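The following exercises are meant to be worked through with the sequence and the coordinates open side by side. Each task is followed by a solution that goes step by step.

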There are 4 protein chains.
Amino acid sequence: MLRFNSDYTEGCHPAILERLAETNMEQTPGYGEDDYCARAAAKIREACGAPDAAVHFLVGGTQTNVTVISAALRHYQGVITAESGHIHIHETGAVEACGHKCLALKSEDGKLTAEQVAAYTDAHFADESFEHMVQPKMVYISNPTELGTIYRKEELAALSRVCRERGLYLFLDGARLGYGLACRENDLTLPDLARLTDVFYIGGTKVGALFGEAVVIVNEKLKEDFRYHIKQRGGMLAKGRLLGIQFLTLFEENRYFEISAHAARLAEKLKDELINLNVSFLIESPTNQQFPILQDAVLEGLREKFAFTYQARVDETHSAVRFCTSWATEEEHVDRLIAEIGRLMARHLGE
Amino acid sequence: MLRFNSDYTEGCHPAILERLAETNMEQTPGYGEDDYCARAAAKIREACGAPDAAVHFLVGGTQTNVTVISAALRHYQGVITAESGHIHIHETGAVEACGHKCLALKSEDGKLTAEQVAAYTDAHFADESFEHMVQPKMVYISNPTELGTIYRKEELAALSRVCRERGLYLFLDGARLGYGLACRENDLTLPDLARLTDVFYIGGTKVGALFGEAVVIVNEKLKEDFRYHIKQRGGMLAKGRLLGIQFLTLFEENRYFEISAHAARLAEKLKDELINLNVSFLIESPTNQQFPILQDAVLEGLREKFAFTYQARVDETHSAVRFCTSWATEEEHVDRLIAEIGRLMARHLGE
Amino acid sequence: MLRFNSDYTEGCHPAILERLAETNMEQTPGYGEDDYCARAAAKIREACGAPDAAVHFLVGGTQTNVTVISAALRHYQGVITAESGHIHIHETGAVEACGHKCLALKSEDGKLTAEQVAAYTDAHFADESFEHMVQPKMVYISNPTELGTIYRKEELAALSRVCRERGLYLFLDGARLGYGLACRENDLTLPDLARLTDVFYIGGTKVGALFGEAVVIVNEKLKEDFRYHIKQRGGMLAKGRLLGIQFLTLFEENRYFEISAHAARLAEKLKDELINLNVSFLIESPTNQQFPILQDAVLEGLREKFAFTYQARVDETHSAVRFCTSWATEEEHVDRLIAEIGRLMARHLGE
Amino acid sequence: MLRFNSDYTEGCHPAILERLAETNMEQTPGYGEDDYCARAAAKIREACGAPDAAVHFLVGGTQTNVTVISAALRHYQGVITAESGHIHIHETGAVEACGHKCLALKSEDGKLTAEQVAAYTDAHFADESFEHMVQPKMVYISNPTELGTIYRKEELAALSRVCRERGLYLFLDGARLGYGLACRENDLTLPDLARLTDVFYIGGTKVGALFGEAVVIVNEKLKEDFRYHIKQRGGMLAKGRLLGIQFLTLFEENRYFEISAHAARLAEKLKDELINLNVSFLIESPTNQQFPILQDAVLEGLREKFAFTYQARVDETHSAVRFCTSWATEEEHVDRLIAEIGRLMARHLGE
């Protein structure tokens, strides 16, 4: 069974394991107050061109989203998200469990537009019953989105402007950030993110680490007392150095970007070859998640040797599914996947 | 200024004030453990044909919704609601502040269908990532809805069946219940509600009381320890007898239904006369809230003498607004409203 | 049965009922945005010598405590309280249900000292694990306390100073405020409270109103968006004018203070007479709650004709109980209570 | 600098690192649904003699406590804990952030007695205002406690009996469980815990793992839908196999118990030698945390070469501190610590 169902099916980049082994019996302070975390944070600040940013390391994505969002909001405030946003759909109501409402806006491609955010927020404050409604205070976007799409620099800049004009915090969930930054269509950089958002995170779990997300807080207001929030939400790892060591390793020798580029290239290959097979897609994604629409009969055959994620029914005989590549994907496996899809499509041609 | 902007612009039915005056210096136990509450509860159980129902009195609607919903759900469970549901839009995230997500479904008319609820719930449990999503456990409906529409008996029965098959609690918000039960199109009774829902409430605030909502809990599982929840959510009135006395008065001499019928009749008159004036409506409402679409120029003129609620822009020159009648509305005022609209429409004809 | 078990056994001051009747059919805006609320707020600001204070009206004490506390705190912050504080013991964890911890300090008399608060707060910030502990940010005191004791002006001034030096908000729960301000030992005034606290409330429920608490917010930071909090916590009364009318009536003609003085005088009479009978007290209380220690045999006899609250066992044959007077207490009833206690004590003398 | 300040200063047992390296590029399903987790759970069930127990793997202690407690309680219920309990003091109010109150009982030694729990619970239900107070529903104990003490089998059996009679869940926090089970005074086994508690966890973070806690749920009621709770509280590790592999390795070849015994033996050596030096202790601890009372001058000298935790001031010239041993402690380091303390005590003798 070859797994393309997610981008966290393997362990971690071998360089990380080596470093963990080398440092294993060193004694360090706990809770992220060790030297590895300090050095990793410095590297990330440097990569972001943000010498004053606060950098914190958390274990996983849901925890990170919850900690950042609940740290930013007062009780009556909510977070604007695309209706497909991970926080809205796939975190078992973790944000609501902290008392905050997800204010979900329609989105075809997983992205929010500056116009949407402006219109929603302005309508809130124009409504005579505004105090009877949750006050929008933060905008949550993911890049790449849950549908593999990415923000163009001008789109992010517009969102940023709209947020700043209205006093909204802009938070970018970068669980798959590497795969976004490394893809052909991308024109954003880490310094762009540091300049345009208030807080974002650089995903490790899906991009080469065993686990870990690096939160970069740019807005001064969001920095205050952030470690209390981490502890309260269960995200303060006792052996915090494990996070420091991992991010230090990922941000040395351009590793984070190189392994991301590998995944991006294989996703592009998969996409190009499927297009050659006349496959259409649920959505145009330039990143490591691809959503082809295939015959159910093809999918049934494919399932015997390949793992993938069911996404949505398209018509009576076709469904969209998701294939992910990652830092760990072997090119030969992608080739076998393409070949098998081609073979099955030919067999079921005309059905 | 004549107010049609809501159904809580006056105080209460005079019989209630009299009773409050008569009993004012009596000494009673606090927190709803007095004899008036006991007698009012007995009357309500009788009216509902539900001798085993638990009846509790709370002060207001948001408080009641929050208390009932949070009492029914475990942390990871949510409540299905129409996207126009009061809990989703107009309670400043009170349900989320208790940790629970509103699972909002599309609705044109403010109602949920049995099919929608079944499809949503079945999709949840069929999804391989079901544990990553909020589990639906309760269905919240309002009758009349926020748009004035009502459920037919067969619709409610279908919802009830779908809920029972799937282990969902069915909760009916009856903030304006009287106005629903008293309207021409209605075929539901209090005993129907007691039979088809798990819990519902009979609104007092908008139907003749100074304040107060009577929660009727039919499902045994929801009865346990409910008073702890009331206290925790700030809804346990020290002088609970005020609620008992009010509901006792409303449920004597058929008063609740008679004053509701008064409002329903005046709403029908308003509606019929506006139809005669060729006014169209945002939504077909049979109850005390009417949503006519009028020229902005007409509305501007109307605003000088009448208060009403802005609902939505319809086109460049027309908006939908809301007029409410209530137990307290004087027929002469409705007549003046109709006449004024007619006069203004004539003046702005053809603009 | 004569009830001395609490100070909310009757309805309200007759002047309030009259005013409710007079205004009953007036039409007003809802949610506290009517003219009565505005006028009552103005009167209270004037009485407090605090022209810039924000005044809000809520229905009950638990709701008020929860709304004020949760509005002031961020998620990781808690509220310091005496271990006997109402929020810690008698509100079914309403504060925790909003996510905030009560940081309970020992107290014999229901009061907190400036030294305690300073020591606790300083210890928090001196602890190397401070981020692993709830950060103290607010101090909750009640005046009179749950044990009937009151703060001297110099004590409150010291608390205020300690709080301001440390960035803590000082919140005074005045559910029984009138009975404190009206007692012989008191040297505080409303302007003192406005000067020394950040927010406090003036209790109506126990002091002449049907229900209602007037929150006075002095600190600018706590004023922002407070009505969102009221709505979210279920405290925004639809017919808000009912609160405005009640407080307007209470603050006219010195009524609030006169009816409080009545209760205070009767409590002092009860206390003096019991002292004459050689009764000792669980605690020295100068206000409307008195906690005498009586023989169990005496209490058993007393229970036939009088309602009171059991407070605590003192020894094998004696218990402390609570008697409350209020604005509504008749002097003759106090006389009968004293006489009956005297008679029962004589009968059980030497047992 | 030699660190005795905590039991999580190193990485993990080398066998774990080896296993992580061996399995690194295997592809597995995510979220704990892999085969390693299944095998580790089976091993733990076997070790506990509890074939029907549900076993879940979480990342850290606070997260585990919060998930277990919030999964067990309804909104108005709280958890009884010793006032020194980790959940009450050192988790930044994480339990309260989920809406639940810690009901803290006095304790000199970090333990709760069956009598205390019975008395507290019985008093709750006997109080006429019981609905105004948080209902006790769970008892939280730690073994070893935060003060290093342990429960005797008869003590735990008595607690268990009291809990079952009253419908309370008994939850044992085993963050340092190995060090408790491996110490000389212990007479408890894993099967005892599975028999006497409703849910407990086996700590990995402090006992040989990089991170990880294994929750063992025995009570059927607590098993339902537990994975929703894990996800909601941010504890569902994407690469769940990391937890499975670690616990599998720890529970092979008796490793968990052997490495625990190592730490226990070194703690006993430290304790015995300090007793020989006439050092007294803040508390009599039989486990890997030792709390000697030393002269401040000695501590000042010691600090140059050794890290330890400040615990409490004892008198003007003495303080209690904490030294921890662990699976990773080298005996030679303990010897150096003892020697240095002896040297410094001799130098400061008579000061």
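## Exercise 1: How two copies are related

Task: in this predicted model, determine which rotation and which shift lay chain D on chain A, and identify the symmetry relation that results.

Solution. Superposing chain D on chain A takes a turn of 180 degrees together with a shift of 0.0 Å along the axis, and the RMSD of the fit is 0.0 Å. That is the relation of a two-fold axis. The next step is to ask whether the contact surface follows this relation: 100% of the contact residues of chain D recur in chain A, and the same surface therefore serves both copies.

## Exercise 2: The side of chain D that touches chain A

Task: count the residues in contact between chain D and chain A, then find which helix of chain D gives the most to its side and how the residues of that side divide by class.

Solution. Start from the count, in which 41 residues of chain D are in contact with 41 residues of chain A. Next, assign the residues of chain D to elements: α1 (14–22), α3 (61–72), α5 (94–97) and α11 (226–232) of chain D each supply at least two residues of this side. Among the elements, α1(D) gives the most, with 4 residues. Finally, sorting the side of chain D that touches chain A by class gives 18 nonpolar, 17 polar and 6 charged residues.

## Exercise 3: Chain C against chain B

Task: carry out the corresponding analysis for chain C and chain B, covering the contact counts, the elements of chain C that take part and the superposition.

Solution. In the count, 41 residues of chain C are in contact with 41 residues of chain B. The elements of chain C that each supply at least two residues of the side touching chain B are α1 (14–23), α3 (61–72), α5 (94–97) and α11 (226–232). Here α1(C) gives the most, with 5 residues. By class, this side of chain C holds 18 nonpolar, 17 polar and 6 charged residues. For the superposition, chain C is brought onto chain B by a rotation of 180 degrees with 0.0 Å of shift along its axis, at an RMSD of 0.0 Å. Since 100% of the interface residues of chain C are also interface residues in chain B, the copies meet through the same surface.

## Exercise 4: Two domains in one chain

Task: state how chain A is divided, how far apart the C-alpha centres of its domains lie, and which element gives the most to the side of domain 1 that touches domain 2.

Solution. Chain A is divided into domain 1, made up of 2–6 + 256–347, and domain 2, which covers 14–253. The C-alpha centres of domain 1 and domain 2 of chain A lie 28 Å apart. Across the boundary, 18 residues of domain 1 of chain A are in contact with 20 residues of domain 2 of chain A. On the domain 1 side, α13 (255–276) and β10 (289–290) of chain A each supply at least two residues, and α13(A) gives the most, with 8 residues. The residues of this side divide into 10 nonpolar, 7 polar and 1 charged.

## Exercise 5: A helix pair in chain B

Task: classify the packing of α13 and α15 of chain B from the angle between their axes, and list the residues that meet.

Solution. The axes of helix α13 (residues 255–276) and helix α15 (residues 331–347) of chain B come within 10 Å and cross at roughly 15 degrees. Angles under 35 degrees count as roughly parallel, and α13(B) and α15(B) are therefore roughly parallel to each other. The crossing of α13(B) and α15(B) is right-handed. From α13(B), the residues L266(B), K269(B), L270(B), E273(B) and L274(B) meet E331(B), V334(B), L337(B), I338(B) and I341(B) of α15(B). By class, the residues of this contact comprise 7 nonpolar, no polar and 3 charged.

## Exercise 6: Backbone details

Task: find what kind of peptide bond joins N143(C) and P144(C), and where E253(A) is found.

Solution. N143(C) and P144(C) are joined by a cis peptide bond, with omega about -5 degrees, and P144(C) is found in the loop between β5 (135–142) and α7 (153–166) of chain C. In chain D, a cis peptide bond with omega about -5 degrees joins N143(D) and P144(D). Turning to chain A, E253(A) is found in the loop between α12 (241–250) and α13, and its phi is near 55 degrees, a positive value in a residue other than glycine.

Methods. Residues are numbered from 1 along each chain as its sequence is written. Chains are lettered from A and ligands numbered from 1 in the order in which they are written. This is a predicted model: local features need pLDDT of at least 70, side-chain atom pairs count only at pLDDT 80 or more; totals for chains, interfaces and linings use all residues. Axes are lines fitted to C-alpha atoms, for helices over the stretch in contact, and angles run from 0 to 180 degrees between N-to-C directions. Angles under 35 degrees count as roughly parallel, over 145 as roughly antiparallel, 65 to 115 as roughly perpendicular and the rest as oblique. A crossing is left-handed if the near helix is turned anticlockwise from the far one by less than a right angle, and right-handed if clockwise. Two residues are in contact if their C-beta atoms, placed from the backbone, lie within 7 Å. Ala, Val, Leu, Ile, Met, Phe, Trp, Tyr, Cys and Pro count as nonpolar, Asp, Glu, Lys and Arg as charged, and the others, Gly among them, as polar. Copies are superposed by least squares on the C-alpha atoms of residues with pLDDT of at least 70 in both. Domain bounds come from an automatic or database domain assignment.
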